[in-house]
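Hi everyone, thanks for coming. Please bring the picture up on your screens, and I'll walk you through it step by step.

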Amino acid sequence: MKKWLMLTIAMFVAVIMTGCGDKDIDLVKNGVFPDDSARTVEQRITARYKKLKWKSYTTEDNHKVVEATAVVRLTDEGRKELKRMAYVYRDSYPHDGDIYSARFVINADHKSFIFIEQSVKAPDTGKKRPGEGADLPERGTMSVPKKD
């Protein structure tokens, strides 16, 4: 009987903790930009990357930032292109397993955010690769209300 009670309590706590999301992260994940209001930020990032993780933090100057990190997932076409490239250019193209990151600043109204940067880095050296990032708008673009 005690085991049943402990199991029930543990499951209840797990359900409660799962429901406790970060509002700033949810705002960005579900947000949209004017150039493509049909897809959320999360959908745009997961179209090219896998193992997407989110975190939020406050900077020293009190700005709320949401950061998305993921692992590069090349398409078959991307892998073929990488093989065709001359050795000298290969290092500038994203490789499977590279780390992608994007940062967004939450506006003071906590209803919108600004896309500030994205990058792709080699996981072993941390060296930035100048290749493509996610299908996101230009830096400095502000989110718009999602159309239902």
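Let me begin with a term: two strands pair if DSSP finds at least two bridges between them. Helices (H or I, at least four residues) and strands (E, at least two) are themselves DSSP runs, numbered from the N terminus.

Now some ground rules. This is a predicted model, where local features need pLDDT of at least 70, side-chain atom pairs count only at pLDDT 80 or more, and totals for chains, interfaces and linings use all residues. Residues are numbered from 1 along each chain as its sequence is written, and side-chain values use heavy atoms, with hydrogens and water left out.

Here is the overall layout. The chain has 5 helices and 5 strands, and along the sequence they come in the order α-α-α-β-β-α-α-β-β-β.

How confident is the predictor? We read that from pLDDT, its confidence in each residue, from 0 to 100. The average for the chain is 77, with 66% of the residues scoring at least 70. Helix 1, residues 2-19, has the lowest confidence in the chain, with a mean of 47, while helix 2 has the highest, at 96. Over residues 12-19 pLDDT stays under 50, and the model has 0 contacts for them beyond four places in sequence. By contact I mean heavy atoms within 4.5 Å. Across the chain, 53% of the contacts with a separation of 6 or more are between residues 24 or more positions apart.

Next, the surface. The chain's accessible surface is about 10,200 Å², and 56% of that belongs to carbon and sulfur atoms. Such areas come from the Shrake-Rupley method with a 1.4 Å probe, and for residues only the protein chains shown count as cover. I'll call a residue buried under 20% relative accessible area, exposed over 50%, and partly exposed in between (1.4 Å probe, protein chains only). Of the 148 residues in the chain, 32% are buried.

Let's turn to strand 3. Which way do strand 2 and strand 3 run? They are antiparallel, joined by 7 bridges. On the other side of the story, strand 3 pairs with strand 4, also in the antiparallel sense, over 8 bridges. To pick out individual partners, V66 stands opposite F104 in strand 3, and R103 has E117 in strand 4 as its bridge partner. The hairpin of strand 3 and strand 4 has 6 residues between the strands, and there H110 takes a positive phi near 55°.

Strand 3 is mostly covered, with 7 of its 8 residues buried. Take S101, which lies in strand 3. Is S101 buried or exposed? It is buried, because its relative accessible area is 7%. Leaving out residues up to four places away in sequence, S101 touches E67, A68, T69, E117, Q118 and S119.

Now for the core. A nonpolar core is a set of buried Ala, Val, Leu, Ile, Met, Phe, Trp, Tyr and Cys residues joined through side-chain atoms within 4.5 Å. The largest one here has 21 residues, and those touching the most other members are V28, V41, I45, W54, F104 and F113. Two or more residues each come from helix 2 (23-29), helix 3 (41-46), strand 1 (49-58), strand 2 (64-72), strand 3 (99-106) and strand 4 (113-121). Look at V41: setting aside neighbours within four places in sequence, V41 contacts V28, K29, G31, F33, W54, F104 and F113.

On to the rings. Rings of Phe, Tyr and Trp (its six-membered ring) pair if their centres lie within 6.5 Å; planes under 30 degrees apart count as stacked, over 60 as edge-to-face and the rest as tilted. The structure holds 5 aromatic pairs. Y49 and Y100 are stacked, at 4.2 Å centre to centre with 10° between the planes. Because Y49 lies in strand 1 and Y100 in strand 3, this pair ties together parts that are 51 residues apart in sequence. Both Y49 and Y100 are buried. F104 and F113 have ring centres 5.7 Å apart and planes at 90°, so this pair is edge-to-face. F33, F104, F113 and F115 form one aromatic cluster.

Last stop: K51, found in strand 1. Its phi is near 55°, a positive value in a residue other than glycine. K51 is exposed, since its relative accessible area is 61%. Thanks for listening!

Note on methods: pLDDT is the predictor's confidence in each residue, from 0 to 100.
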